[in-house]
Structure formats: structure tokens, C-alpha cells
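This briefing concerns the arrangement of two chains and the contacts between them. Please consult the sequence and structure below before reading the points that follow.

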Number of protein chains: 2
Amino acid sequence: MRDTSVSSKVSILNAAFDVLGQNPGASLSDVARAAGVGRATLHRHFAGRDDLMVALTLQAAEELDAAVDTAVAGCTTYTDGLRVALRAMLPLASRHMFLATDAAQTDPRVKEAYATQTRALTRDIEAARAEGTFAADIPTTWIVETYENLIYAGWAMVVAGEATPNQAADLAWRTFTQGLKP
Amino acid sequence: MRDTSVSSKVSILNAAFDVLGQNPGASLSDVARAAGVGRATLHRHFAGRDDLMVALTLQAAEELDAAVDTAVAGCTTYTDGLRVALRAMLPLASRHMFLATDAAQTDPRVKEAYATQTRALTRDIEAARAEGTFAADIPTTWIVETYENLIYAGWAMVVAGEATPNQAADLAWRTFTQGLKP
DNA sequence: CTCGCATGAGACATATCTGTATCGCCTGAT
DNA sequence: ATCAGGCGATACAGATATGTCTCATGCGAG
């Protein structure tokens with residue numbers, strides 16, 4: 001078998017991340033054109049829009065897992081793990097948004113991937129809390145919410161050209177722990 | 001003139017905030033049904049989807065302005081103004097999102113409303129910075145980004161039933177200024 | 001060189017959305 | 001009571017998206 005099939009499938013997924021990320025209502029024709037493949041080829045690899053959305057979401061989850069796992073490999077504390085995970089996740093923020101999208105949320109695999117992701121983050125935050133990183137009277141759910149939204153904020157800075165990914169990650173982590181006061 | 005016309009127009013706008021806020025790709029039939037009016041009536045009040053989006057965005061901007069203006073009336077410092085403005089904006093977060101949507105961004109009135117909103121927030125943050133509220137080495141653009149994202153985070157807490165609007169606003173403001181550390 | 005297979009282009013049918021027009025009904029004003 | 005105007009329901013046409021199928025092409029494996 002030629003390897004063009006896997007190649008075009010990857011092209012479609014990458015183009016779909018771009019096109020559907022910027023405009024979730026874009027047509028599959030737009031996605032196929034952006035991928036440089038025929039519309040029929042897209043339908044050969046994905047049954048339809050829903051199938052494509054599920055594939056995108058699962059790949060986003062996979063990429064996030066891989067990036068975070070690699071990044072936190074050398075960390076000795078959970079707090080430091082959160083710091084480097086934020087740095088690793090920030091450039092993938094636009095893909096991470098697919099996880100939170102309701103679109104493919106009905107698929108059981110997607111639901112499981114999202115739940116696993118949230119559960120892992122919650123667990124690490126609880127562990128970091130035990131290390132004394134967070135105030136005792138702040139709910140864990142708020143910490144999770146803050147963590148994710150600061151990642152988006154950082155990525156917005158990068159997209160706006162106001163910061164490099166690492167600068168944005170440092171700003172986000174500093175704000176996460178200390179806030180903006182002098 | 002009977003007042004039913006303004007009534008149904010308001011119904012449509014409110015339903016559109018809900019329906020299109022939750023699913024931007026929803027059809028105008030869905031909006032009309034949620035508003036409890038016929039599809040034809042929707043077209044009588046709004047020329048089409050674009051027109052409706054513009055109306056939603058302008059009303060969101062207007063509501064935000066009014067809420068913030070009322071809230072900050074008695075504030076003596078810009079820093080305190082930011083604090084109470086956050087509290088006032090948080091319950092309107094789902095409508096504020098329409099301002100950031102690219103959908104109606106081509107309309108000049110929408111562009112102006114969005115630019116005015118951002119400019120006012122930037123100005124107030126600069127003024128609060130002069131009051132010593134923010135560290136000198138943090139860019140104003142990042143402060144703006146953080147402010148808006150913490151509002152969304154707070155609203156997410158409210159939607160999830162994890163906090164009341166005021167509790168969420170307090171958490172957001174505390175995180176904004178001091179971060180999450182003990 | 002020849003064959004297999006994925007692909008691109010395009011035809012085709014179907015479904016949904018959209019915008020417009022029409023008609024009868026009902027409500028509230030006079 | 002009468003009347004004007006807003007409304008719901010419905011029909012209709014055009015546009016777009018979607019899913020399926022066919023056919024010729026080109027590239028690589030054997």
C-alpha cells in the first residue's frame with residue numbers, strides 16, 4: 001500500500017484544525033480545499049462531519065497527553081509539573097478547545113477522553129494543593145477553571161503577536177500563582 | 001401602534017442570545033421557535049442572520065455599558081472600579097462573548113463598539129496601574145486578557161452550579177490581584 | 001513494464017436553510 | 001362595531017451542504 005493515504009488523512013486533520021478552529025461552521029468543501037485534497041477523498045476517510053469532529057477531538061486529546069507527559073517527565077513536584085504542563089499545553093490551546101466543544105461530546109470515546117483529561121488535571125491540582133501551593137479556602141474547581149482560562153489567555157497573547165509562547169506561559173503561571181500585583 | 005411588536009422583537013433577541021450563544025450554527029427556525037414566534041416574524045424584524053447578529057452584538061455592548069456605568073458610579077479609585085465592574089460584567093459574560101465573535105465583526109458599528117469597549121478597559125487598567133495595583137513589568141495587554149478570561153472562568157463556575165455570581169466574582173478578583181497562593 | 005490502488009474531478013440526488021410572498025386571524029384602538 | 005396592523009402558518013424558489021457514485025489519471029510496488 002502506498003503511504004499517500006495516511007498522508008492525505010493527516011493533511012485533512014491538520015487543515016480541519018485550522019479551518020474549523022477558526023470557523024466551526026465552515027463546510028467540508030472548505031476543509032478539503034484547505035487540505036489540498038478532493039472533497040470525495042475527505043469522505044473516504046471520514047464518514048461525515050460528526051466523524052471528523054470526533055477524530056479531531058481524539059487527536060487533540062492524544063497530542064495534549066503526549067506533550068504533557070513528555071514535559072513533566074523530569075519534574076519532582078506536582079506544582080512544578082503544573083508549571084511545565086502549562087508551558088507545554090499553551091501552544092496547543094487552539095486544539096485543546098476542540099475538547100471543550102459540545103459538538104462531538106455525544107460520542108462516548110470523546111466523553112471519556114474529556115473526563116480523563118479533567119480528572120488528571122484535578123488530581124494534579126489536589127496534589128499540588130497538598131504541597132502548599134494553593135490557599136485552602138479556594139475550591140479546586142475554580143483552580144481548574146483558572147488554569148485552563150489562563151492557558152487560553154496566553155495563547156491569545158501569542159496569536160496577537162504580543163508575546164512568544166514561553167513568555168505567555170511565564171505570564172500565565174505568574175498570574176496563576178501570584179496574581180498581577182507588584 | 002400595539003406594543004406587541006416591541007415585545008416580540010425582545011423575545012427574539014433574548015431567545016437568540018440563548019440559542020446562538022449555545023450553538024452559533026443554529027438555524028433561524030430554531031431561534032424563532034425558542035422565541036415562541038413564527039419564522040416569518042423573525043424576518044419581519046431582522047433582514048437575516050447577519051442583521052440579527054449585529055443587533056445582538058450591539059445590544060450586548062449596550063447592556064454591558066449600562067451595567068458597568070451603574071456599578072462604578074460610587075467608586076473612588078480605578079482599582080475599585082475594576083473590581084465592581086468585574087462583578088457587574090460576570091453575569092453578562094455569555095452575552096459579552098458576542099462582542100468577541102468574528103461573525104458580525106465586519107459591521108462598522110460593531111467594530112466601533114468592540115473597539116470602544118476594549119479602549120475603555122485598557123484606559124481603566126492603565127489608571128489602576130498608576131494607583132500601584134499592577135506590577136510594572138506586566139504588559140497591559142496581558143492584564144486585559146487576564147481580566148476578560150477570569151470573567152469567563154467565573155461565569156463558567158456559575159453555569160456549573162459551583163458558585164453564585166458574587167462568589168465567582170470574588171474568586172476572580174482575588175485571583176486577578178493575588179493569584180491562588182495562600 | 002504492468003497492475004493495483006488511492007486520488008481528483010465531477011455528476012447527481014437529497015436535505016436543510018434562507019428569503020419572500022400570501023392569506024386568514026386576532027387584538028387593541030377609535 | 002369597525003378597522004388597521006401585527007402575527008402565525010404555509011407555500012414557494014433559490015442557494016448551499018451533504019453523501020454517494022463513476023471514471024480517468026497518476027504513482028508506486030512487484
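**Symmetry, interface and core**

In this predicted model, chain A is superposed on chain B by a rotation of 180° with 0.0 Å of shift along its axis (RMSD 0.1 Å), the fit being by least squares on the C-alpha atoms of residues with pLDDT of at least 70 in both copies. The two copies are therefore related as by a two-fold rotation axis. Among the residues of chain A, Gly179(A) comes closest to that axis, its C-alpha lying at 1.8 Å.

**Conventions**
- Residues are numbered from 1 along each chain as its sequence is written, while chains are lettered from A and ligands numbered from 1 in the order in which they are written.
- Local features need pLDDT of at least 70 and side-chain atom pairs count only at pLDDT 80 or more, whereas totals for chains, interfaces and linings use all residues.

**Interface**
- Contact (C-beta atoms, placed from the backbone, within 7 Å) joins 30 residues of chain A to 30 residues of chain B.
- On the side of chain A that touches chain B, helix H8 (140-159) and helix H9 (165-178) each supply at least two residues; helices are DSSP runs of H or I with at least four residues, numbered from the N terminus.
- H8(A) gives the most to this side, with 11 residues.
- The same surface serves both copies, as 100% of the contact residues of chain A recur in chain B.

**Nonpolar core**
- The largest nonpolar core (buried Ala, Val, Leu, Ile, Met, Phe, Trp, Tyr and Cys residues joined through C-beta atoms within 7 Å) has 101 residues; buried denotes 20 or more other C-beta atoms within 10 Å of a residue's own, with C-beta atoms placed from the backbone.
- Those with the most contacts inside this core include Leu86(A), Ile151(A) and Ala172(A).
- Beyond its neighbours within four places in sequence, Ala172(A) is in contact with Leu86(A), Leu150(A), Ile151(A), Ala153(A) and Gly154(A).

Terms used:
Two residues are in contact if their C-beta atoms, placed from the backbone, lie within 7 Å. A residue is buried if 20 or more other C-beta atoms lie within 10 Å of its own, exposed if 12 or fewer, and partly exposed in between; C-beta atoms are placed from the backbone.
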